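Thanks for making the time this morning. I would like to walk through one structure with you, and I will try to be careful about what each value says.

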Protein chains: 2
Amino acid sequence: MPHDATAYEDPRGMVLTIGQLAATAGVTVRTVRHYHHVGLLPEPERDASGYRRYSAQAAVDLIRIRTLADAGVPLARIDALLHARPTEFAAAITGIDAELQRKIDQLTEYRSRIAELASGERLVLPPEVVAILDRMRALGISEQRVRLERDAWILMQALDPHVMPQRIRDKNAAFDDPETRRLYLAVDQSVDWPPNDPRLDRLIEDLDTWETTHEQDTAQQPGYLRLVSSRISETSPSWQRIVAALTHRAEQRRRS
Amino acid sequence: MPHDATAYEDPRGMVLTIGQLAATAGVTVRTVRHYHHVGLLPEPERDASGYRRYSAQAAVDLIRIRTLADAGVPLARIDALLHARPTEFAAAITGIDAELQRKIDQLTEYRSRIAELASGERLVLPPEVVAILDRMRALGISEQRVRLERDAWILMQALDPHVMPQRIRDKNAAFDDPETRRLYLAVDQSVDWPPNDPRLDRLIEDLDTWETTHEQDTAQQPGYLRLVSSRISETSPSWQRIVAALTHRAEQRRRS
DNA sequence: GTCCAACCCTGACGTAGGGGCAGGGTCAAC
DNA sequence: GTTGACCCTGCCCCTACGTCAGGGTTGGAC
């Protein structure tokens, strides 16, 4: 059978091989076959050796598909879109464009959040609470104690979020009072005192007075705060003594 | 077994259920379980009924994971990242941030490409070629003919890209010549003449003269352009006659 | 005390958009 | 005549979960 020197013989413009088509559109061969598989791009005819042969129109179609796919449109939607009438198509394009803008805004926000990853709590807690924790640090309270406080706020946020605003006000007011600040710091420093240190007796006395004047009742606290108390106890024997003594005195007051 | 009114009894701060934890971090319950499955978040202990119970620290960990995951970091990489030392972590964060910026730029470009989707060829062909096609339209050449021309350019780009610049210059020079413009238009208008129309004889004569003066040889063209010729032939009987006549005359000149 | 919704559990399969083999045929050039 | 770059089909793998199915638990209302 005589042969005509050139490979471009098919009478209907089917000249590109799958590799040439893919390169033209900037995709992989696998991608083109995938689009055939899902019916997004029609299967072209085959040449004598079973190779797919594509027309220039296929290149246009493929690039239109990629343009939409790159913009994040699911393949299933693209199929419908390509067969839509111009008005509907234009409407869809407008929507997709808005979606893209939304994604850009999202990414911009993620970018700024990424920058804050170094410090753990800023991401988890509202800024007012972060300010309170920073205030504790500025007072000289240990990081260990601040972390316990942070956990209390996280649990509160998860379990009892509606009390947050009031608690934030209360806590800030408390730290405006010099006696409160003094007691916080004293408790913090007592962490490595021995449980029978005489200074502890004095501190417990002061704390009990503070609780009665501030109408705080340890036994009335919600469960998660009692839990935080128990974690405080675990931290050191002296703190365990403080928590136990205050709880005991509060119970006694309740009975009377 | 007596019970204590509140559910927060575990001594080690394991208080949140999986749903509460998920809500705190803004993810689904399924996502948390998935992270356990892939070992990204450690499995917490279970309460008496087999429910998972989480600490506040788990919330911090989960939100850190999500912050990275939202930024597009694969889960497999997050695992390593969370255990990295601060300097390495900071370096990785910088890289991720750059990657995010790149994505934002990408999306911005996709946005502008989406806007051009209405017209097919702008995405596929370089602007110089689009200008040529627009020039043909401005001359009054039919859209059918322009599309054939467009396909020729697409095939050229895919199969023979290095000749593009020269072809672009040639084509623009050709359209600077009034006689060339006249002939293009005349051929275009002849599309629905009968093949035996006497005006066709005159037109073929003019085209042959043009070919010889412009040193164009139809038989020397690359295969894909011959193919486009064959598609032109298919469009109408009169065009078929033109192509056949010109090919025949070119052959005769070659033999002599 | 019992009913109901809203939780929780495990396990298994489905999804998009391909990647990456295996195992084989074809084409063009040297 | 062989080498390297293509092409073919078919099948399993991947990520980051979603979505059943089929059950147990909890907490509050009646």
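Let me begin at DNA strand D, where an N or O atom in the side chain of A:Arg46 is 2.9 Å from a phosphate oxygen of the strand, and please keep in mind throughout that this is a predicted model. A second arginine of chain A takes part as well, with an N or O atom in the side chain of A:Arg33 placed 2.3 Å from a phosphate oxygen of DNA strand D. At A:Gly19 the contact comes from the backbone, where an N or O atom lies 2.6 Å from a phosphate oxygen of DNA strand D. The elements that give two or more residues to the surface near this strand are helix H1 (18-25) and H2 of chain A, together with H2 of chain B.

Which element gives the most to the surface near DNA strand D? That is H2(B), with four residues. Among the 19 residues around DNA strand D, those that come nearest are A:Thr17, A:Gly19, A:Arg33, A:Arg52 and B:Tyr51, and by class the surface near the strand has seven nonpolar, seven polar and five charged residues. If we turn to the DNA side, 69% of the atoms of DNA strand D within 4 Å of the protein belong to sugar or phosphate, and the rest belong to bases.

Now to DNA strand C, taken in the same order. The side chain of A:Tyr35 has an N or O atom that is 3.0 Å from a phosphate oxygen of DNA strand C, while from chain B a polar side-chain atom of B:Arg52 lies 2.9 Å from a phosphate oxygen of the strand. B:Gly19 contributes through its backbone, with an N or O atom 2.7 Å from a phosphate oxygen of DNA strand C.

Three helices each supply at least two residues of the surface near DNA strand C, namely helix H2 (29-37) of chain A and, from chain B, helix H1 (18-25) and helix H2 (29-37). The largest share, four residues, comes from H2(A). There are 20 residues around DNA strand C, of which A:Tyr51, A:Leu75, B:Gly19, B:Arg33 and B:Arg52 come nearest, and the residues of this surface divide into seven nonpolar, seven polar and six charged. Of the atoms of DNA strand C within 4 Å of the protein, 72% belong to sugar or phosphate, with the rest belonging to bases.

Let me leave the DNA and turn to the fold of the protein. Chain A has 13 helices and zero strands in its secondary structure, and of its 256 residues 43% count as buried.

In chain B I would like to pick out helix H8, residues 143-159, which has 17 residues and reaches 24 Å from its first C-alpha to its last, close to the 24 Å expected at 1.5 Å a residue. Is this helix enclosed or open, one might ask, and the answer is that 13 of the 17 residues of H8(B) are buried, so H8(B) is largely enclosed by the rest of the structure.

A residue in another helix of that chain also deserves a word, namely B:Asp188, which lies in helix H10 (residues 178-189) of chain B. B:Asp188 counts as buried because its relative accessibility is 7%, which is under the 20% cut-off. B:Asp188 and B:Ser142 are 46 residues apart in sequence, yet their C-alpha atoms are 6.8 Å apart in space.

Finally, the aromatic rings. The count comes to two aromatic pairs over all chains. In chain A the pair is formed by A:Phe175 and A:Tyr184, a tilted arrangement with 4.9 Å from centre to centre and 50 degrees between the planes, and both A:Phe175 and A:Tyr184 are buried. In chain B the rings of B:Phe175 and B:Tyr184 have centres 4.9 Å apart and planes at 50 degrees, so this pair is tilted. B:Phe175 is buried, with a relative accessible area of 1%, and B:Tyr184 counts as buried at 17% relative accessibility.

What lies over the face of A:Trp193? It is A:Arg199, at 4.1 Å from the ring centre. In chain B the charged end of B:Arg199 sits over the ring of B:Trp193, 4.1 Å from its centre.

Terms used
Residues numbered from 1 in each chain as written. Chains lettered and ligands numbered in written order. Predicted model: local features only at pLDDT ≥ 70, side-chain atom pairs only at ≥ 80, totals over all residues. Heavy atoms only, no water. Near = heavy atom within 4 Å. Polar contact = N/O pair within 3.5 Å; in protein donor to acceptor, adjacent residues only side chain to side chain. Nonpolar A, V, L, I, M, F, W, Y, C, P; charged D, E, K, R; others polar. Expected span 1.5 Å × (residues − 1). Buried < 20%, exposed > 50% of the residue type's maximum accessible area, 1.4 Å probe, protein only. Phe/Tyr/Trp six-rings, centres within 6.5 Å; stacked < 30°, edge-to-face > 60°. Lys NZ or Arg CZ within 6 Å of the ring centre and 35° of its normal.
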